[in-house]
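Hi,

Here is the structure I promised to pass on. Have a look at it first, and then read my notes below.

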Amino acid sequence: MRLFSPEEIGEVLEMILFRELDIRAVTLSVNTLPAIRGDLSSALSALRSLLRPYLERFRPAVDKIAAKLGVRIVTARLAVSPVSIMLEPLGRPEDAVEIAKALDELAESHGVDMVGGFSAFVHAGISRGDEALMEALPDALNSTKRLSGFVNAASTSTGINMEAVFRAAEAVLSMRPEAAARFAVTANVPEDVPFMPAAHHGLGLPDAVINVAVSGPGVIEAVVRSLKDADLRTLHDAIKRAAFKVTRLGELVGREVAKELGVPFGAVDLSVAPTPKVGDSVAGILEAMGLPRAGSPGSVLALYLFVDAVKKGGAMATSTIGGLSGAFIPVSEDALMAKAAEEGALTLDALKAMSAVCNTGIDMAGIPGDVPPDVVAALMADVMALATALDKPLGVRLVPIPGGRPGDVYELGGLYGKVVVMDVGKFKEIPLAKRKGVVPPSVWRLRAG
Amino acid sequence: MELVVVSVLGADRVGIVASIAGVLAKHNANIVDIAQTVVRDIFSMVMLVDISKADVDIAGLRAELEEAGRKLGVMVAVHHIDVFRYMQRV
């Protein structure tokens with residue numbers, strides 16, 4: 001009796017060898033709060049001493065498991081505790097920039113592709129440490145290469161902090177495109193996200209934990225393309241089965257890396273994440289379902305069906321679902337999303353509507369560099385409102401392109417892809433975005449008791 | 001047993017099975033199962049190989065098999081059996 005039929009082996013090989021099935025990220029999440037000190041040099045020294053023992057073993061462990069299984073692990077990432085907490089006793093933006101640079105150097109010298117956690121939770125107000133971090137955002141991201149961060153400006157429990165949203169908008173407009181690609185304003189960001197820029201070591205976690213981010217749109221697109229005339233229930237079922245297999249690979253890799261490192265295995269984020277490569281596109285899945293272009297009428301339906309099937313398949317594949325667990329529609333990081341934006345088929349309004357049924361928001365969309373902060377803040381606040389009203393995590397990652405006009409293209413390269421400048425509309429002033437205060441929480445909060 | 005799946009794909013020619021099996025034998029890796037076909041001059045082979053008594057690890061074996069594949073002009077891939085167990089069994 002054979003262990004596997006040749007067809008079963010062939011299916012897996014086709015996914016791995018020809019459909020770009022790989023693991024997007026293995027993220028080592030480390031509690032860096034023990035490095036809190038009252039002065040900068042002691043804090044930096046404590047941070048390095050705390051992280052080095054983990055980092056010396058992390059990349060070798062990831063490479064060893066990739067070689068053992070024969071599966072590509074695209075990135076090895078580090079997530080640290082929100083840096084705003086380390087800044088509480090320090091309180092100075094210049095210290096925040098030094099911590100940012102130290103994290104960037106630690107990542108680079110240990111073969112870690114990205115480091116996340118240059119972040120603050122400000123959804124109901126801004127503390128001393130948050131203030132220092134937010135003030136430092138443009139400098140910190142402009143002077144680093146691997147560092148990522150976010151400002152969580154809204155939550156279902158406490159509402160939307162408009163002042164934080166406005167300041168995040170101003171910060172983004174002061175960033176180079178390469179820096180803005182590593183920053184998001186977020187709502188309801190969970191504590192165990194393995195994806196950047198939302199990754200950080202949240203509260204309630206052990207000192208170190210491994211979280212895994214899967215990929216695999218090419219696998220699902222191939223399945224959808226093979227079912228040209230199938231009814232919707234059959235299509236949903238086929239996506240669900242493929243998503244199970246994709247997520248299962250994440251579960252295996254997470255278990256193996258965690259065992260190799262001797263740290264607990266945390267969560268698998270089952271979100272299907274695209275890359276700019278041909279055949280690795282979420283928009284490709286939506287178009288294969290029967291859309292002329294991503295962003296056309298029917299896009300919300302297609303994305304809803306896709307995300308629902310991915311969740312149902314993924315839920316069986318890993319018991320500990322974490323992070324954002326939906327689907328990503330970053331414009332620049334998905335070749336067909338970028339193409340749709342370039343053609344004008346995909347608009348910011350379409351992205352907002354699609355956010356109602358996925359976990360992204362407006363992600364990796366280019367904007368002209370001279371857009372007024374009111375407009376950027378209002379755009380961000382719309383997504384914060386969706387997240388709060390629907391009780392889910394969403395974010396906004398905008399890339400200002402100096403001198404850019406709608407339809408222009410800016411090449412960021414690598415996983416970031418090709419940024420298309422999108423039309424933000426004709427309005428120059430949006431007074432609502434400048435109002436102070438916090439939008440109160442929604443009725444979800446009341447229902448929670 | 002520690003099982004790995006060795007898969008070979010490419011244009012058919014004389015000596016593919018001999019060459020791949022030669023690398024495995026050299027390192028004391030035991031072929032447990034084999035399925036091989038040629039369809040329209042495309043050679044396809046999947047082997048289940050026990051490497052528990054082999055004198056190299058999976059990465060070392062993969063490197064040598066890939067080198068043998070390059071000389072033959074065929075693609076060789078090596079994956080741990082757990083990948084198939086996880087993805088194809090509930």
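Before the numbers, one term: I call two residues in contact if their C-beta atoms, placed from the backbone, lie within 7 Å. Also keep in mind that this is a predicted model.

With that in hand, chain B first. Taking the contacts in chain B between residues at least 6 apart in sequence, 67% join residues at least 24 apart. The chain has 3 helices and 4 strands, and along the sequence they come in the pattern β-α-β-β-α-β-α.

On overall dimensions, the C-alpha trace of chain B spans about 35 × 30 × 20 Å along its principal axes. Its radius of gyration is 13 Å, which agrees with the value near 12 Å for a compact globule of 90 residues. As for burial, 33% of the 90 residues of chain B count as buried.

The strands of chain B make an open sheet of 4, in the order β2-β3-β1-β4, with antiparallel pairing. β2 and β4 of chain B each have a single partner strand, so they stand at the edges and one side of each is left without a neighbour in the sheet. Ignoring direction, neighbouring strands of this sheet are turned by 15° against each other on average. If you want a place to zoom in, try β1(B) and β4(B), which pair in the antiparallel sense over 7 bridges. B:Val4, for instance, has B:His80 in β4(B) as its bridge partner.

Next, where the two chains meet. Chain B brings 19 residues to the contact and chain A brings 19 residues. On the chain B side, at least two residues each come from β1 (3-11), β2 (30-39), β3 (42-50), α2 (58-72), β4 (74-80) and α3 (81-88). Which of them gives the most to the side that touches chain A? That is α3(B), with 6 residues. Sorted by class, this side of chain B has 12 nonpolar, 4 polar and 3 charged residues.

Finally, one residue in chain A that I looked at: A:Phe244, in helix α9 (residues 232-261). Is A:Phe244 buried or exposed? The cut-off for buried is 20 or more other C-beta atoms within 10 Å, and A:Phe244 has 21, so A:Phe244 is buried. Leaving aside neighbours within four places in sequence, A:Phe244 is in contact with A:Gly313, A:Gly314, A:Met316 and A:Ala317. The C-alpha atoms of A:Phe244 and A:Lys312 are separated by 8.2 Å, with the two positions 68 residues apart along the chain.

Cheers

Notes. Residues are numbered from 1 along each chain as its sequence is written. Chains are lettered from A and ligands numbered from 1 in the order in which they are written. This is a predicted model: local features need pLDDT of at least 70, side-chain atom pairs count only at pLDDT 80 or more; totals for chains, interfaces and linings use all residues. The radius of gyration is taken over C-alpha atoms; the globule rule is 2.2 Å times the number of residues to the power 0.38. A residue is buried if 20 or more other C-beta atoms lie within 10 Å of its own, exposed if 12 or fewer, and partly exposed in between; C-beta atoms are placed from the backbone. Ala, Val, Leu, Ile, Met, Phe, Trp, Tyr, Cys and Pro count as nonpolar, Asp, Glu, Lys and Arg as charged, and the others, Gly among them, as polar. Two strands pair if DSSP finds at least two bridges between them. Axes are lines fitted to C-alpha atoms, for helices over the stretch in contact, and angles run from 0 to 180 degrees between N-to-C directions.
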